[in-house]
Amino acid sequence: MTALNRVPSLMARAGTASALTLAAVGGSIAVPGLATDASAATIASKALKVAASKKGAPYRWGATGPNRFDCSGLTLYSFKKAGKKLPRTAAQQYNKSRHISARNRKVGDLVFFHSGSSVYHVGIYAGHNKIWHAPKTGDVVKLQKIWTKSVWYGRVG
């Protein structure tokens, strides 16, 4: 009997098997949500790379690229290039994302700046408390430290 053929009997005897046990005998299991999380991580890392590649692009209100951006235009463009469609505005993007805590944020997550319950700005989390974003008129796409605690995080998946 091969190791792969023993997986069902191992599971029957143990009741359940860990992924490590199954890997050791050459088996596999389906973990709910795992593929989605892996896919989201790939999309997020691609979107982050796209945003970073736009470093120095001028800010223009209402612009969605490829050469000029406003904040939500940059996130929309970056995620579109990574294979995921987002709505147009920062508030709409917040409503469409899966809300996560600051503790659970990951590189590539969206960072939403808010005043009270109103979202007014968005960027892509780059790690080390920094974001890629298109800040304001007269500025350019850049990497910048998060300057306030009034932020929420969202994951695109």
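**Exercise 1: Two hairpins**

Find which strands form the hairpin that has G116 in its turn, and state the sign of phi at G116.

*Solution.* Strands β2 and β3 form this hairpin, with two residues between them, and G116 in the turn has a positive phi of about 65°. The model is a predicted one, in which local features need pLDDT of at least 70 and side-chain atom pairs count only at pLDDT 80 or more, while totals for chains, interfaces and linings use all residues. Residues are numbered from 1 along each chain as its sequence is written, and side-chain values use heavy atoms, with hydrogens and water left out. Strands (E, at least two residues) and helices (H or I, at least four) are DSSP runs numbered from the N terminus, and two strands pair if DSSP finds at least two bridges between them.

Next, look at the pairing itself: β2 and β3 run antiparallel and are joined by six bridges, and F112 has V122 in β3 as its bridge partner. Strand β3 (residues 118-127) also pairs in the antiparallel sense with β4 (residues 130-133), over three bridges. Here I124 has W132 as its bridge partner in β4, and Y125 stands opposite I131.

Finally, turn to the loop between β3 and β4, where H128 and N129 are placed. Phi is positive in both, near 55° at H128 and near 60° at N129. Most residues other than glycine have a negative phi, and most peptide bonds are trans. As for their surroundings, H128 is exposed, with a relative accessible area of 76%, whereas N129 counts as partly exposed at 27%; buried means under 20% relative accessible area, exposed over 50%, and partly exposed in between, with a 1.4 Å probe and protein chains only.

**Exercise 2: The whole sheet**

Work out in what order the strands of the open sheet lie, and explain why one side of β1 and of β5 is left without a neighbour.

*Solution.* The six strands follow the order β1-β6-β2-β3-β4-β5, with antiparallel pairing. Because β1 (98-100) and β5 (142-145) stand at the edges, each has a single partner strand, and one side of each is left without a neighbour in the sheet. Neighbouring strands are turned by 45° against each other on average, direction ignored; axes are lines fitted to C-alpha atoms, for helices over the stretch in contact, and angles run from 0 to 180 degrees between N-to-C directions.

Within this sheet, seven of the 10 residues of β3 are buried, so β3 is largely enclosed by the rest of the structure. In strand β2, H114 is buried, with a relative accessible area of 14%. Leaving aside residues up to four places away in sequence, H114 touches V119, Y120, S150, V151 and W152, where contact means heavy atoms within 4.5 Å.

**Exercise 3: Helix α4**

Determine how many of the 12 residues of α4 are buried, and which strands α4 touches.

*Solution.* Ten of the 12 residues are buried, and α4 is mostly covered; among the buried ones are C71, L74, Y77 and A82. Helix α4 (residues 71-82) packs on the sheet and touches β2 (110-115), β3 and β4, while its direction makes about 50° with that of β3. From its first C-alpha to its last, α4 reaches 17 Å, close to the 16 Å expected at 1.5 Å a residue, the expected span being 1.5 Å times one less than the number of residues.

Consider also what lies on either side of the helix. After α4 comes G83, whose phi is positive, near 105°. In the loop between α3 (34-53) and α4 lies P66, and the peptide bond from G65 to P66 is cis, with omega near 10°.

**Exercise 4: Aromatic pairs**

State how many aromatic pairs a search of the whole structure finds, and describe the geometry of the pair F69 and Y77.

*Solution.* The search finds five pairs. Rings of Phe, Tyr and Trp (its six-membered ring) pair if their centres lie within 6.5 Å, and planes under 30 degrees apart count as stacked, over 60 as edge-to-face and the rest as tilted. The pair F69 and Y77 is edge-to-face, at 5.3 Å centre to centre with 65° between the planes, and both F69 and Y77 are buried. Elsewhere, ring pairs link Y94, F112 and W152 into a cluster.
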